[in-house]
Amino acid sequence: MRANYLFTSESVAEGHPDKVCDRISDEIVDLVYREAAKTGVNPWGVRIACETLATTNRVVIAGEVRLPPSLMKKDKDGKDVINPSKFKAAARRAIKDIGYEQDGFHWKKAKIDVLLHSQSADIAQGVDSAADQQGDEGAGDQGIMFGYACKETPDLMPAPIYYSHKILQLLAVARKKGDGEVAKLGPDAKSQVTVRYVDGKPSEATSIVLSTQHLDESWDSTKVRAVVEPYIREALGELKIADDCKWYINPTGKFVIGGPDGDAGLTGRKIIVDTYGGAAPHGGGAFSGKDTTKVDRSAAYAARYLAKNVVAAGLADRCTIQISYAIGVAQPLSIYVDLHGTGKVSEDQIEAAIRKNMDLSPTGIRRHLDLNKPIYAKTSAYGHFGRKAGRDGSFSWERTDLVKALKESVKA
């Protein structure tokens, strides 16, 4: 491990075109879970893989679903088809909440197409009945998922992504409150923080990059910096800003046209922003728009949960966990742990403790983390990890309630 180095991570705001699409896709997931609960449909049977495309005043929602009857209607031939009205309403609410009321992208004026259709029967049979007969359902796809935690921040996240998210979160809250000139910022923004590490620990910020949309066309980079700098300094908190720190605030000058009007967006294109900012491996699968039979989502949450509990238990200062799956097979094919030379016990002991204390089949993960709920829209911006577990069950994978069990297991 290097002791002294620079590392950079970026974040994007909820109004970034790709994040608009992630938000709409996750609103659709929440809608399906909410309608299932409302109409007495078993949430364990919910299936959805929803992709969104957004461009100038246009949104296209596509994918595969298994829906509660309340989201269906009869066509002219008496056949059950998807009723697009509630899906369109959910998308408009999301766009409005983000803050888009601009000529090129407006929550009320945008045309929305809903092209959802029934889930493939071939996929459904593999998920509904696990081929290895070790769980109630098989994995929704093959793949590898990673989880990571470290002692760099209070939330056990890498410092560069932690602070990049925090800058944009504070600006979004202030923008929506509408107090003063910060209310003239637009929803679209990107941040980037470079952190100097000394003896393996975050020491100071050496460069800060922020590009944010602004609605006042007279503003230039100097004006934008004057508005946003107090929020950046507040976000960085205890992290020192280097005396020679380089600031790049709206380095291209004007940034008025933003969001899907300025650049098309797609679901699932910000997977590094969603996770660890490049400080840890990524299996390649996106999260948003997927129900939790899809191990791209649920197993990545489980891997983060386990890594965070390992570090919170004091068993290591850093922990990376990989889990792998085959489609239609319930139990993972492999579990791999790397403590990066910081472990107080061996990786073999941690792997054994994980298998003992958590069922990592899709059913086991969904049950342990209580994932069959409409809790996903709020995950769509500012990262899926390093967030506070909510009373509504959101971010349950950020709990550290496995600490005691892991400690006891490695002692045995």
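1. Let's start with who lines the largest pocket: strand E1 (5-12), strand E9 (143-150), helix H4 (159-177) and strand E11 (201-214) each supply at least two lining residues. H4 gives the most, with three. Helices (H or I, at least four residues) and strands (E, at least two) are DSSP runs, numbered from the N terminus. A pocket here is an open set of points on a 1 Å grid over the protein atoms alone, where a 1.4 Å probe fits, with protein on both sides within 12 Å along at least five of seven lines; lining residues have an atom within 4 Å of a point.

2. Keep in mind that this is a predicted model, where local features need pLDDT of at least 70, side-chain atom pairs count only at pLDDT 80 or more, and totals for chains, interfaces and linings use all residues. Residues are numbered from 1 along each chain as its sequence is written, and side-chain values use heavy atoms, with hydrogens and water left out.

3. Where does the largest pocket lie? Domain 1 (5-11 + 159-258) and domain 3 (143-151 + 287-411) both give residues to its lining, so it lies between them; the bounds come from an automatic or database domain assignment.

4. Now for salt bridges (a side-chain nitrogen of Lys or Arg within 4 Å of a carboxyl oxygen of Asp or Glu). The whole structure has 27. One of them pairs Lys270 with Asp18 at 2.7 Å, N to O. These two residues sit 252 residues apart in the chain, with Asp18 in helix H1 (residues 17-38).

5. Buried or exposed: which are Glu398 and Lys308? Both are buried (under 20% relative accessible area, 1.4 Å probe, protein chains only; exposed is over 50%, partly exposed in between). Their side chains also meet in a salt bridge of 2.8 Å, N to O.
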